[in-house]
Amino acid sequence: MQLFDMTEYQQRLMKVKEKMNDQGIDVLLVTDPANMNYLTGYDGWSFYVHQLLIILLDEAQPIWVGRGQDGNGARLTTWLEPNNIRAYTDDYVQSLIKHPMDFVADILKEKGRANSTIAVEMDTYYFTAMCYERLKLGLSNARFKDGTLLVNWVRIVKSEKEIECMKKAACIVERVMQTGIDSINEGVRECDVVANIYHAQISGTTEFGGDYPAIVPLLPAGEKTSTPHLTWSDNKYKKGDTVILELAGCYKRYHAPLARTLSLGEPLPKVKELSEIVVEGINAALAVIKPGITCQAIEAAWKRVLEKSGFIKDSRIGYSMGLNYPPDWGEHTASLRPGDMTILRPNMTFHLIPGIWCEDFGVEISEPFRVTENGCETFVDFPRRLITK
């Protein structure tokens, strides 16, 4: 059931081990489900309980650790041998007495790694303070280091097969966005529009189906467009409403996000003006993208357009993205903002989303793109403008 062949998984693991060796890490504990997927193919909605990979610098395969009932999921979706799938019993689940990290500590003792230098992903959604405390308790002679983003930085350059997955996600999001726009009309409930969007996201295209995106549809309307991360209600759309649609297509956990802004009826002059500035800024940013340029330089090209307008934006204009699970499709590595000196390389992939939110309205128009050998390629073919109905 693996999406990629064995060679690609092994190459990914080798790159991770090179970073481990450079940083003096003997053991890396990987709890981010996207990183688990990236290294082994593991794919299941099991991240609500503790699970991880144990990467041992001198062993050929990672060890998957998870809940007993998810062990067969690991056998079905990963390239690991059965001996490297270690499932804990259900009395570890949400217990006040035992903890899954006790089970992990026992495995490391069994492997003779109790005195090793162990790196953990300290700043992820899935590694809790209790995880850290139980590991330290069970491995009192180990030396712990922060391994946050070690795998993420390996993921930042995509393989051709990964790019193919993102292009399929882009085909899906084109249909999804059009579905959302077609569904928004005066008197229609927001929740009914989102129901149509969800159907389009999961049904995908006639050639391939979709997956659940890492973020739910974001669909603020009216004054709510002054902030980016509101979802939907059962309110009905009214003539004159401005609506932001921030959606994504997802294929095999790979994402293509896309944002557009819609006006029901003639747009307010301030919305029209801001949308034109945002589009001009996006075009300016895309024009400078090529290998060797920094993230900071892309943001500077955008800012030169914005500075002429009188509008202000104090947040980043984009970020690296691709493979992920809830609650985020971003990779948490490179950001398009001042001070980020990450140098772009071919097959890095970003979501360029220079949204601007004012006191009582906002505009979001975005483009997902990949860096090519000579410039960049946008994933999505969809009108880059304010949509009027």
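Select Lys303 first: in this predicted model its side chain is partly exposed, with a relative accessible area of 29%. Add Glu299 to the selection, and a salt bridge appears between Lys303 and Glu299, with the closest N and O atoms 3.7 Å apart. Both residues belong to helix H10, which spans residues 295–306, and they are separated by 4 residues, about one turn of the helix. Glu299, at 6% relative accessibility, counts as buried, because the cut-off for that class is under 20% relative accessible area.

Next, select Arg113 and Asp58, whose salt bridge has its closest N and O atoms 3.0 Å apart. Arg113 sits in the loop between helix H4 (100–110) and strand E5 (117–120), while Asp58 sits in the loop between strand E2 (52–56) and strand E3 (63–67), so the contact ties together parts that are 55 residues apart in sequence. Is each partner buried or exposed? Arg113 is buried, with a relative accessible area of 13%, whereas Asp58 counts as exposed at 59% relative accessibility. Extend the selection to Glu59 and Lys111, and you will have a network of salt bridges that links Asp58, Glu59, Lys111 and Arg113. Across the whole structure, a search finds 22 salt bridges.

While this region is on screen, colour residues 12–157, which the UniProt annotation, from an unreviewed entry, labels "domain: Creatinase N-terminal". Over residues 12–157 the chain is 36% helix and 18% strand, and the C-alpha atoms at the two ends are 11 Å apart.

Now move to Arg253 and Asp211, which form a salt bridge with the closest N and O atoms 3.2 Å apart. This pair links distant parts of the chain, since Arg253 is in the loop between E7 and E8 and Asp211 is in the loop between H8 and E7, 42 residues apart. Both Arg253 and Asp211 are buried.

From Arg253, show the strands on either side of its loop. E7 and E8 form a hairpin with 2 residues between them, and Lys252 in the turn has a positive phi of about 50°. The two strands pair in the antiparallel sense over 10 bridges; among the bridge partners to label are Tyr251 with Tyr254 of E8, and Thr242 with Ser263 of E8. Ser263 also stands opposite Thr388 in E16, the strand of residues 387–388 that pairs with E8 in the parallel sense over 2 bridges.

Displayed together, these strands make an open sheet of 3 strands in the order E7-E8-E16, with mixed pairing. E7 and E16 stand at the edges with a single partner strand each, so one side of each is left without a neighbour in the sheet. What covers the faces of E8? Tyr254, Ala256, Leu258, Arg260 and Leu262 on one side, and His255, Pro257, Ala259, Thr261 and Ser263 on the other, are all buried, leaving both faces covered. With 10 of its 10 residues buried, E8 (residues 254–263) is largely enclosed by the rest of the structure.

For a surface view, select Tyr198, Val216 and Trp232, which make a nonpolar patch of about 240 Å². Trp232 lies in the loop between helix H8 (190–203) and strand E7 (242–251), and is partly exposed, with a relative accessible area of 31%.

Finally, zoom out to the protein chain, which contains 10 helices and 16 strands. Its radius of gyration is 22 Å, which agrees with the value near 21 Å for a compact globule of 389 residues. The C-alpha atoms fill a box of roughly 70 × 45 × 40 Å along the principal axes, and buried residues make up 57% of the chain's 389 residues.

Notes. Residues are numbered from 1 along each chain as its sequence is written. This is a predicted model: local features need pLDDT of at least 70, side-chain atom pairs count only at pLDDT 80 or more; totals for chains, interfaces and linings use all residues. Side-chain values use heavy atoms; hydrogens and water are left out. Patches are made of residues with over 30% relative accessible area and no salt bridge: like charges are joined within 9 Å, nonpolar side chains (Val, Leu, Ile, Met, Phe, Trp, Tyr) within 5 Å. Accessible areas come from the Shrake-Rupley method with a 1.4 Å probe; for residues, only the protein chains shown count as cover. A salt bridge is a side-chain nitrogen of Lys or Arg within 4 Å of a carboxyl oxygen of Asp or Glu. Buried means under 20% relative accessible area, exposed over 50%, partly exposed in between (1.4 Å probe, protein chains only). Two strands pair if DSSP finds at least two bridges between them. UniProt positions are given in the numbering used here, feature names are shortened, and annotations may be inferred rather than shown by experiment. The radius of gyration is taken over C-alpha atoms; the globule rule is 2.2 Å times the number of residues to the power 0.38.
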